[in-house]
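These are my notebook entries on one protein model. I set down what I looked up, entry by entry.

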Amino acid sequence: MSSKYEDVIIGLEVHIQLTNLKTKLFCSCNNDYRGSEPNTHSCPICLGLPGSLPVANKKAFEFATRLALALGSDINDSTYFFRKNYFYPDLPKGFQISQYNKAGGRAFADGGKITIKLNGKKKDLILNRVHLEEDPARLVHKGSIATSPYALVDYNRSGVTLIEIVSEPIMNSPEEAREYLRQLKSIVQYTGISNLDLEGSCRVDANISIKGHPRSEVKNINSFKEVERALKWEIQRQKNLLRRGKELIQETRHWDDKRRVTIGLRTKEFEKDYRYFPEQDLVPIEIDQDFIKHVMEKLPEMPRERSKRFQEAYSLSEFDADNLVLDKNSADFYEEGIKIDKSFESEEFKLYCNWLMNDIAGWLNENNKEIRDTKLQPEQIMDLINSIKEGKITTKIAKTYIDEMMKGTPISTIIKESGIVRIADEKYLENICRKVIQENPKILEDYKKNPKAKMAFVGKIMKETKGQADPELTNEILERLLKEFI
Ligand SMILES: [Zn+2]
């Protein structure tokens, strides 16, 4: 952990939409509002019209149970909903149906943890609770919230199920928060309750303080990617104020994604301002052990277990396996390939993992794509590895294939069409090596003092052959020739 942040305390409240549900939390309106005309997925219940009565969506409880089990939280045997009262245009009822863990109320589940690894160190980030609530409507602003001349309201989102995961104030740096969210995203992906790549499917509120000073709550960070940036900015803002001898106040701030600053909205409201009271229109929900057992039995393998299995079955290091399983699609892709080529053993398993996690992952990152969005097939990577093994191409040449591979082009076609092959003609390589040595007397002088200078020759030879020279053979020839010259 960087000492720059040693006095920083961060707690995160992560709101995740259960996008894989078919209907909203308390009505039968379509849950999938994305791409629809505004205000076309609404009914008296999610508009909060007088006389309408909410009915809880059983599947939402099943999804919440899945997540709570995956996080190791304790699921409460009964849970009620509360009304959280406040006025805002996104909330036509004047209250949000939520959960409350005081005044006789209980969260859906308490505790749990997410384990992160940062700079080789493990840390358990303890959770406070997991609870369910309805999403308010969506407000659309022109430009920044602070300067927009109007706010448009789209009630399609009103009543969509949100699950809130509240951590203890236990993180000490923006990097820890980033790792926490990476792990949480992975766990959510494995449970199958939500697709967090959909825009607006997750929102984060962050509580940030410098030890001994009041905290600020930064609201509405609308993507996991923005969290680290928002935290860094807010920590800097607080530290700057303290450095100038100013006092910090407890307040709510808004993260402005476009300007990348936090803006003070209001001094912090307190819990009592929300006048929480039980939602009388909904009965307490009982969660019995049979239900939990049933959900547990259907729970797929989670990333941590999968990583352990990968380490044992494919002899991967803990680091490689942890990285590989983080994205379920990449891990599934990996296993599809393993099934295809039965000749693969630990050496190839490692190479396969490296290709996926380095060159392929780099390409996906650069192009902002998921592996499933491309035409890449596991067979191509297996063929690539085999082609290198058989000496048809060098690793360096193979790296130039990535763009073409992503289009689904078979390796044999790429080799044929690129005309780039490994040069393993001994006589030909010897001539090039000799020429390079003769043309570079200075490197030769260096080499006499320090044998490491040989690499400078290798670099020249690779340049000369456009990276096609077989590296092993080049080394052998070079070693032999250099003896003649010294
Ligand atoms: Zn509705």
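**Entry 1: an exposed glutamate.** I began with E312, having noted that the model is a predicted one. I located E312 in helix α6, which covers residues 303-313. I then looked up its accessibility: E312 has a relative accessibility of 67% and therefore counts as exposed, the cut-off being over 50%. I also looked up its separation from H294. The two residues are 18 apart in sequence, and their C-alpha atoms are 29 Å apart in space.

**Entry 2: the chain as a whole.** I next turned to the overall figures. I found 17 helices and 17 strands in the protein chain. I recorded the span of the C-alpha trace along its principal axes as about 95 × 60 × 40 Å. Of the 486 residues in the chain, 50% are buried. I also looked at contacts between residues at least 6 apart in sequence, and 69% of these join residues at least 24 apart.

**Entry 3: the zinc site.** Which protein atoms serve as donors to the zinc ion? I identified the SG atoms of C27, C29, C43 and C46, at 2.3 to 2.4 Å from the ion. I then checked the geometry. The angles subtended by the 4 donor atoms run from 103 to 114 degrees, and the arrangement is therefore tetrahedral, since four donors qualify when all angles lie between 85 and 135 degrees. Along the chain, I read the spacing of the donors as C-x1-C-x13-C-x2-C. I placed both C29 and C43 in the loop between β1 (8-17) and α1 (44-47), so this pair ties together parts that are 14 residues apart in sequence. I also noted that C29 and C43 are both buried.

**Entry 4: a helix pair.** I examined helix α7 (residues 318-326) against helix α8 (residues 328-340). Their axes come within 5 Å and cross at roughly 110 degrees. I therefore describe α7 as roughly perpendicular to α8, a label that applies from 65 to 115 degrees. I listed the residues that make the contact: α7 contributes L324, V325 and L326, while α8 contributes K328, S330, A331 and Y334. I sorted the residues of this contact by character and obtained 5 nonpolar, 1 polar and 1 charged.

**Entry 5: a buried serine.** Is S98 buried or exposed? I found a relative accessible area of 1% for S98, which makes this residue buried, as the limit is under 20%. S98 belongs to strand β5, residues 95-98. I then listed its contacts, leaving out residues up to four places away in sequence. S98 touches Y80, F81 and F82, and also H131, L132 and E133.

**Entry 6: positive phi values.** I kept one general expectation in mind: most residues other than glycine have a negative phi. I looked up two asparagines against it. N119 has a positive phi, near 50 degrees, and is not a glycine. I placed N119 in the loop between β7 (113-118) and β8 (121-134). Its relative accessible area is 66%, so N119 is exposed. N368 likewise is not a glycine, and its phi is positive at about 55 degrees. I located N368 in the loop between α9 (346-366) and α10 (378-389). With a relative accessibility of 62%, N368 counts as exposed.

Technical notes
Residues numbered from 1 in each chain as written. Predicted model: local features only at pLDDT ≥ 70, side-chain atom pairs only at ≥ 80, totals over all residues. Heavy atoms only, no water. Donors = N, O, S within 2.8 Å, 3.2 Å for Na, K, Ca; no water. Tetrahedral: all angles 85-135°; square planar, octahedral: opposite > 155°, others 65-115°. Helix = DSSP H or I, 4+ residues; strand = E, 2+ residues; numbered from the N terminus. Buried < 20%, exposed > 50% of the residue type's maximum accessible area, 1.4 Å probe, protein only. Axes fitted to C-alpha atoms, helices over the stretch in contact; angles between N-to-C directions. Parallel < 35°, antiparallel > 145°, perpendicular 65-115°, else oblique. Contact = heavy atoms within 4.5 Å. Nonpolar A, V, L, I, M, F, W, Y, C, P; charged D, E, K, R; others polar.
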